[in-house]
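Work through the following exercises with the model open beside you, and try each task before reading its solution.

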Amino acid sequence: MMSGRRPDRALRQRNGRVTPYSTQRKAREERGPDFLPDYNPTTDQLEALADVVSKTWHLHHCSPLWSLATSTSQLRSYSQQLVAHLSTNGVGGEGAGGPAQFTARVSALPRFGLDGSEALWITIAKRAAQKGKPLVEALLCKPAEHGTPAAGFTSLPLLLLRGPTHLSRQLLAWLQAAFDCHTSPASLVPDDLSLLVAQYATAEKAGRGLGSVEMVYSLPSAVKEAGLSTVALQLPFESAVTVWEATSSAQDHRKAFTQMLCEHIHRHFSIKLSSMTLVRISTPVLHAEGTGRIKVKVHSYSDLLHVMLLFPLAL
């Protein structure tokens, strides 16, 4: 249950300190609308939050969907079509059961995105499975503006997917066939991961003992041959705040944050991060890997949107 205090505002400004959110808010106010609309989450949005957080997802890109309709009857038809697709393609595999045992549900989540756009929620489960235990879950959404698609198309570019590989592939195949779209895995390059660290390293929840910022770097091939493949660094919350505040006046705040972070690590540990590749980060609100695997750890709808706004960087 959400508290009466606005969590997004608490994250933006804490005890007079400049945080990533407060800086971001100021920049966006100069350009126009605030970072997040000021509205209370609906029941559907809170249910979506519960379905998304504390799970490991794989990021995918989805091109605009052709002729998508979200009426109750059409969503029911999509669910039936997905079950038929699974049966036709003889999906099986260890622990999955026979194709005839599957059920599917395609539903719409109203006002999920910042612009009030709907999201599409898809689940696949065993017919005899305990309620609430799907094998596959997928969320297609548009966290923020993502261009205007051609007439007849619906833009839901961000696809979060989790579940067994064989079933996930069939779900993607059905999406592409049903809506004439294309899906592809999305990755997070080192710059994307650095941006996530800069955005969330100083989140207020870090001050509540939810952990430090962890960064995992892949070492050059020559070093890997010697038996060492990665280096994991943990940055205490206080150090993250110090580095962020020291770069608050820089023109490119995030880039300056990353550069000073490298200098900080080199000064204290004699490790040259510029010669390595950032492959995984973990902050108090988000875990992300270069492969596109993510885990959202926030527990309010506003925070969820803050996190998801950065994922289109990978699309």
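**Exercise 1.** Determine how the axes of helix 8 and helix 9 are placed in this predicted model, and which residues make the contact.

*Solution.* Begin with the axes: those of helix 8 (residues 237-246) and helix 9 (residues 253-269) come within 9 Å, and they cross at roughly 130 degrees. An angle between 115 and 145 degrees counts as oblique, and therefore helix 8 is oblique to helix 9. Next comes the handedness, and here helix 8 passes helix 9 in a right-handed crossing. Finally, the contact is made on the side of helix 8 by Ser239, Ala240, Val243, Trp244 and Ala246, and on the side of helix 9 by His253, Phe257, Met260, Leu261 and His264.

**Exercise 2.** Work out which side chains of strand 12 are buried, and how this strand is joined to strand 11.

*Solution.* Follow strand 12 (residues 230-235) and note that its side chains alternate: Val231, Leu233 and Leu235 point to one face and are buried, whereas Thr230, Ala232 and Gln234 point to the other face and are not buried. Then turn to strand 11 (residues 213-218), which runs antiparallel to strand 12 and is joined to it by six bridges. In this pairing, Val216 stands opposite Ala232 of strand 12.

**Exercise 3.** Find which residues touch the most other members of the largest nonpolar core.

*Solution.* This core has 46 residues, and Phe112, Leu139 and Met215 are those that touch the most other members. Its largest share, four residues, comes from helix 6 (residues 190-200). Apart from this core lies another, of 27 residues, which includes Phe102 and Val106.

Conventions
Residues are numbered from 1 along each chain as its sequence is written. This is a predicted model: local features need pLDDT of at least 70, side-chain atom pairs count only at pLDDT 80 or more; totals for chains, interfaces and linings use all residues. Side-chain values use heavy atoms; hydrogens and water are left out. Buried means under 20% relative accessible area, exposed over 50%, partly exposed in between (1.4 Å probe, protein chains only). Helices (H or I, at least four residues) and strands (E, at least two) are DSSP runs, numbered from the N terminus. Two strands pair if DSSP finds at least two bridges between them. A nonpolar core is a set of buried Ala, Val, Leu, Ile, Met, Phe, Trp, Tyr and Cys residues joined through side-chain atoms within 4.5 Å. Axes are lines fitted to C-alpha atoms, for helices over the stretch in contact, and angles run from 0 to 180 degrees between N-to-C directions. Angles under 35 degrees count as roughly parallel, over 145 as roughly antiparallel, 65 to 115 as roughly perpendicular and the rest as oblique. A crossing is left-handed if the near helix is turned anticlockwise from the far one by less than a right angle, and right-handed if clockwise. Contact means heavy atoms within 4.5 Å.
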